[in-house]
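Colleague: I would like to learn how to read the side-chain features of a model like this one. Could you take me through them step by step?

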Amino acid sequence: MARILLLFLQGLVAVYAVHGIFMDRLASKKLCADDECVYTISLARAQEDYNAPDCRFINVKKGQQIYVYSKLVKENEAGEFWAGSVYGEGQDEMGIVGYFPSNLVKEQRVYQEATKEVPTTDIDFFCE
């Protein structure tokens, strides 16, 4: 009985240790520079402000630089979104990675071409 109670308590700890939610997928595939999507594709500059509608997205201010890591493959009527992190204005290091509309930015420098098509996973749309 004590063993069962201990297993139950460990399960509760595991559930409460992870805070977050899996959101709907925005696309089933993404374009990256490598198979793991860890290398920076490009550096872009925001052309206008953008307020994130939910935790999958990032807030962006006009003029901020964004490091782009992947580009979602557009499906159906969905908009085209890229994943990246904002750098600039009071931030000493890269921030949280999130999605933003591609038409919001202008690419300033391409580091590597996004030629690897990779399936998205649930973790791509996980929100903490």
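Modeller: Gladly! Let us begin with a term: a residue counts as buried when its relative accessible area is under 20%, and as exposed when that value is over 50%. Keep in mind that this is a predicted model.

Colleague: Then are Asp 124 and Lys 30 buried or exposed?

Modeller: Asp 124 and Lys 30 are both buried. Their side chains meet in a salt bridge, at 2.8 Å from N to O. Asp 124 sits in the loop between strand S8 (116-119) and strand S9 (126-127), while Lys 30 belongs to strand S2 (residues 29-32), so the salt bridge ties together parts that are 94 residues apart in sequence.

Colleague: What is the general idea behind such pairs, and how many salt bridges does a search of the whole structure find?

Modeller: Side chains of opposite charge can pair when their charged atoms come close. Here the search finds six salt bridges. Another one joins Asp 35 and Lys 116, at 4.0 Å from N to O. Asp 35 lies in the loop between S2 and S3 and Lys 116 in strand S8, 81 residues apart. Lys 116 counts as partly exposed because its relative accessibility is 36%.

Colleague: Which residue does Glu 107 meet in a salt bridge?

Modeller: Glu 107 meets Lys 71, with 3.2 Å from N to O. This pair links strand S7 (residues 105-110), which holds Glu 107, to strand S4, which holds Lys 71, across 36 residues. Glu 107 is partly exposed at 30% relative accessible area, whereas Lys 71 is buried at 14%. Lys 71 also lies over the face of Trp 82, at 4.3 Å from the ring centre.

Colleague: That brings us to rings. Why is the pair of Trp 82 and Phe 100 called edge-to-face?

Modeller: For ring pairs, planes over 60 degrees apart count as edge-to-face. The planes of Trp 82 and Phe 100 stand at 80 degrees, with the ring centres 6.4 Å apart, so the pair is edge-to-face. Trp 82 in strand S5 and Phe 100 in strand S6 are 18 residues apart, and both are buried.

Colleague: And which residues touch the most other members of the largest nonpolar core?

Modeller: That core has 20 residues, and Val 60, Leu 72, Tyr 99, Phe 100 and Val 105 touch the most other members. Strand S5 gives the largest share, four residues. Leu 72 has contacts with residues more than four places away in sequence, including Leu 26, Phe 81, Tyr 99 and Phe 125.

How values were computed: Residues numbered from 1 in each chain as written. Predicted model: local features only at pLDDT ≥ 70, side-chain atom pairs only at ≥ 80, totals over all residues. Heavy atoms only, no water. Core = buried A, V, L, I, M, F, W, Y, C linked by side-chain atoms within 4.5 Å. Buried < 20%, exposed > 50% of the residue type's maximum accessible area, 1.4 Å probe, protein only. Helix = DSSP H or I, 4+ residues; strand = E, 2+ residues; numbered from the N terminus. Contact = heavy atoms within 4.5 Å. Phe/Tyr/Trp six-rings, centres within 6.5 Å; stacked < 30°, edge-to-face > 60°. Lys NZ or Arg CZ within 6 Å of the ring centre and 35° of its normal.
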